[in-house]
Amino acid sequence: MGSFVFFLRVSTQKQSIESQYDEMLRFAQTYYNINESDVIRIEYKESGRTLSEEERAGITDFKKLYESGTEITACFVSELSRIARKANITHNFTEYLHERGIQLICKNPHFELLDANKVKTATASLTL
């Protein structure tokens, strides 16, 4: 089993990376029995609305991590807007994960991108 990436993004001073991390860790430990030592944090304070996909440091760093040979089992997000607020960017990133067999686990609304056979779930197909 590989690592679990927590994709954390805030866009305002009122939001807290640490509270988002704590929330995701409790969720991952409760429902997926994840150990904190298996978690890799990708975290940024950046706009989810104004940046292009290429300008999104979080997405770029995730891809660099994977392409460096790090085995990634799943990427956790608290909600889809943590990836991006533009549908095409979120779609492109989830397709990137799907093509590589990396699970996406979204807390709110709770769904998983892939089933046990690495096929998109019906919920993911409708949501994304």
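Visitor: OK, so helices here are DSSP runs of H or I with at least four residues, and they are numbered from the N terminus. What does asparagine 33 do just after helix 1?

Guide: This is a predicted model, by the way. In it, asparagine 33 takes a positive phi of about 55°, just after helix 1.

Visitor: And at the start of helix 1, what does the side chain of serine 16 reach?

Guide: One of its side-chain oxygens comes to within 3.2 Å of the backbone nitrogen of glutamate 18.

Visitor: How does the span of helix 1 compare with what its residue count predicts?

Guide: They agree: helix 1 covers residues 17-32, and 16 residues at 1.5 Å each should span 22 Å, while the end C-alpha atoms are 21 Å apart.

Visitor: Which residues of helix 1 are buried?

Guide: Ile17, Gln20, Tyr21, Met24, Leu25, Phe27 and Ala28. Looking down the helix axis, they fall within an arc of 165°, so they line one face of helix 1. The face turned away from that buried side carries Arg26 and Thr30, which are exposed.

Visitor: What covers the buried residues?

Guide: Strands are part of the answer: strand 1 (3-10), strand 2 (39-45), strand 3 (72-77) and strand 4 (103-106) are included in the cover.

Visitor: Switching to salt bridges, how many are there?

Guide: Five turn up across the whole structure. In one of them, glutamate 18 and arginine 41 meet through their side chains, at 2.5 Å from N to O. That pair ties together distant parts of the chain, with glutamate 18 in helix 1 and arginine 41 in strand 2, 23 residues apart.

Visitor: Is glutamate 18 buried, exposed or in between?

Guide: Partly exposed, at a relative accessible area of 42%. Arginine 41 is partly exposed too, at 31%. There's also a network of salt bridges linking Glu18, Arg41 and Glu43.

Visitor: What does glutamate 23 pair with?

Guide: Lysine 107, in a salt bridge whose closest N and O atoms are 3.3 Å apart. Glutamate 23 sits in helix 1 and lysine 107 in the loop between strand 4 and strand 5 (111-112), so to speak a link between distant parts of the chain, 84 residues apart. Glutamate 23 has a relative accessible area of 29%, partly exposed, and lysine 107 is also partly exposed, at 29%.

Visitor: And what about arginine 100?

Guide: Arginine 100 bridges to glutamate 99, with 3.4 Å between the closest N and O atoms. Arginine 100 counts as partly exposed at 32% relative accessibility, whereas glutamate 99 is exposed at 59%.

Visitor: Now the inside. Which residues have the most contacts in the largest nonpolar core?

Guide: Phe62, Cys75, Ile83, Phe93, Leu97 and Leu104, in a core of 23 residues. Strand 1, helix 2, strand 3, helix 3 (87-100) and strand 4 each give two or more residues to this core. Helix 3 provides the largest share, four residues.

Visitor: Is there a second core, and what does it include?

Guide: A separate one of 15 residues, with Val10, Tyr21, Phe76 and Ile105 among them.

Visitor: Back to Phe62. Where is it, and what does it touch?

Guide: Phenylalanine 62 is in helix 2 (residues 57-67). With 0% relative accessibility it counts as buried, the cut-off being under 20%. Beyond four places in sequence, phenylalanine 62 touches Val5, Ile42, Ile72, Cys75, Phe93, Tyr96, Leu97 and Ile102.

Visitor: And which residues does leucine 97 contact?

Guide: Setting aside neighbours within four places in sequence, leucine 97 contacts Phe62, Cys75, Ile102, Leu104 and Leu113.

Notes:
Residues numbered from 1 in each chain as written. Predicted model: local features only at pLDDT ≥ 70, side-chain atom pairs only at ≥ 80, totals over all residues. Heavy atoms only, no water. Expected span 1.5 Å × (residues − 1). Buried < 20%, exposed > 50% of the residue type's maximum accessible area, 1.4 Å probe, protein only. Arc of directions from axis to C-beta. Contact = heavy atoms within 4.5 Å. Polar contact = N/O pair within 3.5 Å; in protein donor to acceptor, adjacent residues only side chain to side chain. Core = buried A, V, L, I, M, F, W, Y, C linked by side-chain atoms within 4.5 Å. Salt bridge = Lys/Arg side-chain N within 4 Å of Asp/Glu carboxyl O.
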